[in-house]
Amino acid sequence: PRRAAKARLRAAALCLIVVALAGPQWGVELVATEAKTHQVVIAVDASLSMTAEDAKPNRLEKAKETLALLLDALKGQRVGIVAFAGEAAQVCPLTTDAAAARQILHGLSTDMISVPGTAIGSALRTSVAALRPYAGPKWVVLLSDGEDHKTDPLGAADEAAAAGVTVF
């Protein structure tokens, strides 16, 4: 019995040495990492001209279908939505929840913005303001069927470029 006990103790000691050499660790350590996410704001024209039926069913619905595909491709990225007509409004803050952004996109209508017209400059400025707090690549995808001479869209594009925002 003494020999068997001694053999068991040696085997246990050998097992414990192997475990010690493996270096087990306990606890939780938080490590900061940098994710390479893009910040994208989609600026959509919601003016009355978007109800024209030259694209089936109309321009706004066609735009929403196309932008829904873009949102699918941007899963994992931070996306937001700005609707504009005669003025601009952020209708979806930047979020990584692409499904929520898609739902808000599908709810866009020409009734959302009460001021008629096309304020591309305002849409760009609102989009850049939404992107300002975030680091990393920043993009604005602008979709409009109109032109704007009142809100200085070229000046707004220059301001966006100066802020490090790429406008598509």
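Author: A salt bridge is a side-chain nitrogen of Lys or Arg within 4 Å of a carboxyl oxygen of Asp or Glu. This is a predicted model: local features need pLDDT of at least 70, side-chain atom pairs pLDDT 80 or more, and totals for chains, interfaces and linings use all residues. Residues are numbered from 1 along each chain, and side-chain values use heavy atoms, without hydrogens and water.

Reader: How many salt bridges does a search of the whole structure find?

Author: Side chains of opposite charge can pair when their charged atoms come close. R59 with D54 is one such salt bridge. R102 with D72 is another. Across the whole structure, the number found is 6.

Reader: How far apart are the closest N and O atoms of R59 and D145?

Author: These two residues form a salt bridge, R59 with D145, at a closest N to O distance of 2.5 Å. The pair links distant parts of the chain, with R59 in helix α2 and D145 in the loop between β4 (138–143) and α5 (153–162). Helices (H or I, at least four residues) and strands (E, at least two) are DSSP runs, numbered from the N terminus. The spacing asked for, between closest N and O atoms, is 2.5 Å.

Reader: Is D145 buried or exposed, or in between?

Author: Buried means under 20% relative accessible area, exposed over 50%, and partly exposed in between (1.4 Å probe, protein chains only). D145 has a relative accessibility of 28%. Therefore D145 counts as partly exposed.

Reader: Which salt bridge partner of R59 has its closest N and O atoms 2.8 Å away?

Author: R59 itself is partly exposed, with a relative accessible area of 25%. The partner is exposed, at 57%. At 2.8 Å between closest N and O atoms, R59 pairs with D54.

Reader: How many residues apart in sequence are the parts that R102 and D72 tie together?

Author: R102 and D72 form a salt bridge, with closest N and O atoms 3.0 Å apart. R102 lies in helix α3 (residues 98–106) and D72 in helix α2, so the pair ties together parts separated in sequence by 30 residues.

Reader: What is the relative accessible area of D72?

Author: Its partner R102 counts as partly exposed, at 30% relative accessibility. D72 is partly exposed too, and its relative accessible area is 31%.

Reader: Which residues do salt bridges with shared partners join into one network?

Author: R59 forms a salt bridge with D54. R59 also forms one with D145. Through the shared partner, one network joins D54, R59 and D145.

Reader: What is the relative accessibility of K64?

Author: K64 is found in helix α2 (residues 59–73). K64 counts as buried because its relative accessibility is 4%.

Reader: What is omega of the cis peptide bond that joins K56 and P57?

Author: P57 lies in the loop between β1 (39–45) and α2. The bond from K56 to P57 is cis, with omega at about -5 degrees.

Reader: What is phi of D152, a residue other than glycine?

Author: D152 sits in the loop between β4 and α5. D152 is partly exposed, with a relative accessible area of 41%. Phi is positive in this non-glycine residue, near 50 degrees.
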